[in-house]
Amino acid sequence: MSFESLIKNTGAYRIVAGEKKRDALSHAYLIVCADGERLKDYLKVFAKLIMCENGDDDFCGECRACTLIDRERYTDCSFYPAEGNKILVADVDDLVSQTYIKPLENKRRLFCLCGVENMNAAAQNKLLKTLEEPPQNVVILMGATQSFSLLPTIVSRVKRIEIPPFGEKALFEGLKEECPDGERLKNAIEVGGGKIGATIKAYGGDSAQEVGKLAEKVLYEMTSSKSILYYASKIDKDNISLFITALYRKTGEMLIECEKNGTGEINGFKTGALIAIEDMLCEKQRLLNFNANVQMTIDGMLFGILEEKYKWQKL
Ligand SMILES: [Zn+2]
């Protein structure tokens with residue numbers, strides 16, 4: 001979890017962690033961070049910190065809150081915008097009505113708004129009322145790449161915390177697991193402007209896109225155990241973690257699709273199968289960290305995907 005370790009080392013994280021420890025969380029935070037590409041991932045780290053009930057100034061990464069927040073499926077934590085990349089008045093209306101509902105399992109309810117710098121004035125004004133009189137046990141976590149376009153009245157009612165660009169050394173240390181080619185990582189850091197998202201993108205170049213496409217093919221086109229060998233041969237063994245991350249991201253997207261289309265199924269995968277596959281991917285990554293055999297891991301992973309897919313179809 002190198003991305004998380006970078007964020008955990010920021011002053012911003014320590015501020016919120018300290019407030020959690022003193023049981024003095026603010027009712028609203030504005031995290032300002034230029035890393036637009038990964039802004040939601042930043043928010044998720046803070047969301048876990050705020051919602052995890054294990055650890056008084058940290059999060060465990062393993063409890064129900066932590067794992068479900070990663071998938072944006074925790075009932076007491078909502079993410080906005082629901083669709084697209086712009087928070088609309090309808091999103092704020094939904095948020096306002098949700099704030100009156102008591103938390104279902106956590107002691108607080110959290111609302112994460114990603115990209116608030118793109119909100120129009122009408123949406124901001126609607127949100128302002130909730131910020132002025134926040135219901136009890138509600139925390140609003142906003143993420144923005146800059147705060148100039150926000151109404152001063154909004155900014156004055158939230159705790160504004162900035163995450164400055166990361167230094168080269170911190171980025172290198174934080175990303176060397178995810179980006180193992182040191183020379184390439186150094187070049188990527190040079191063009192990444194201190195942002196995690198841009199650095200990873202520069203490191204991956206086109207190859208990251210290729211890996212994403214292959215992950216999609218595995219999930220959409222691999223239908224029988226006979227084809228496992230073919231797909232296994234396409235996977236870059238030196239970059240297996242990148243491939244697992246791509247698969248994980250794709251299954252996450254499919255889970256969201258399942259929920260949207262209302263059938264609980266997408267392309268032959270039931271919701272339960274997708275969740276089981278996510279768990280399996282985490283376990284494979286963990287074993288790889290302990291030097292598991294790469295080829296066996298790849299074969300086992302592809303087989304596991306098919307197994308879960310068909311097992312859940314029969315249920
Ligand atoms: Zn936790």
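Helix α3 is mostly tucked away in this predicted model: 11 of its 13 residues are buried, so the helix is largely enclosed by the rest of the structure. The buried set runs through Leu39, Tyr42, Leu43, Lys44, Val45, Phe46, Ala47, Lys48, Leu49, Ile50 and Met51, and two lysines, Lys44 and Lys48, are part of it. As for its geometry, α3 reaches 18 Å from its first C-alpha to its last, close to the 18 Å expected at 1.5 Å a residue.

That burial ties in with the largest nonpolar core, a set of 63 residues. Within this core, the residues with the most contacts are Ile31, Phe46, Ala47, Cys112, Leu141 and Met142. Helix α3, spanning residues 39-51, supplies the largest share of the core, 9 residues. Phe46 gives a good view of how the pieces meet: setting aside neighbours within four places in sequence, Phe46 is in contact with Val16, Ile31 and Leu141. There is also a second, separate core, made of 24 residues, with Val218, Leu242, Leu255 and Trp312 among them. As a general matter, nonpolar side chains in soluble globular proteins tend to be buried together.

Ile31, one of the Phe46 contacts, leads on to strand β1. All 6 of the 6 residues in β1 (residues 28-33) are buried, so this strand, too, is largely enclosed by the rest of the structure. Its side chains split by direction: Ala28, Leu30 and Val32 point one way, while Tyr29, Ile31 and Cys33 point the other way, and all of them are buried. Strand β1 has parallel pairings with two other strands. With β4 (residues 138-144) it runs parallel and is joined by 5 bridges, and here Val32 stands opposite Ala144. With β5 (residues 159-163) the arrangement is again parallel, with 5 bridges, and Ile31 has Ile161 as its bridge partner.

Zooming out, the protein holds 14 helices and 7 strands. It is divided into domain 1 (2-164) and domain 2 (205-314), and the C-alpha centres of domain 1 and domain 2 lie 30 Å apart. The C-alpha atoms fill a box of roughly 60 × 50 × 35 Å along the principal axes. The radius of gyration is 20 Å, which agrees with the value near 20 Å that a compact globule of 315 residues would have. Buried residues account for 35% of the 315 residues. Of the contacts between residues at least 6 apart in sequence, 73% join residues at least 24 apart.

Two residues outside the α3 and β1 story round out the picture. Leu229 sits in helix α11 (residues 228-234). Leu229 is nonetheless exposed, because just 10 other C-beta atoms lie within 10 Å, and 12 or fewer counts as exposed. Leu229 and Ile154 are 75 residues apart in sequence, yet their C-alpha atoms are 56 Å apart in space. Gly252 belongs to helix α12 (residues 240-261). With 16 C-beta neighbours inside 10 Å, Gly252 counts as partly exposed. Gly252 and Ile50 are 202 residues apart in sequence and 22 Å apart in space, C-alpha to C-alpha. Ile50 itself is one of the buried residues of α3, which brings the account back to that helix.

Terms used: Residues are numbered from 1 along each chain as its sequence is written. This is a predicted model: local features need pLDDT of at least 70, side-chain atom pairs count only at pLDDT 80 or more; totals for chains, interfaces and linings use all residues. Helices (H or I, at least four residues) and strands (E, at least two) are DSSP runs, numbered from the N terminus. The radius of gyration is taken over C-alpha atoms; the globule rule is 2.2 Å times the number of residues to the power 0.38. A residue is buried if 20 or more other C-beta atoms lie within 10 Å of its own, exposed if 12 or fewer, and partly exposed in between; C-beta atoms are placed from the backbone. Two residues are in contact if their C-beta atoms, placed from the backbone, lie within 7 Å. Domain bounds come from an automatic or database domain assignment. A nonpolar core is a set of buried Ala, Val, Leu, Ile, Met, Phe, Trp, Tyr and Cys residues joined through C-beta atoms within 7 Å. The expected span of a helix is 1.5 Å times one less than its number of residues. Two strands pair if DSSP finds at least two bridges between them.
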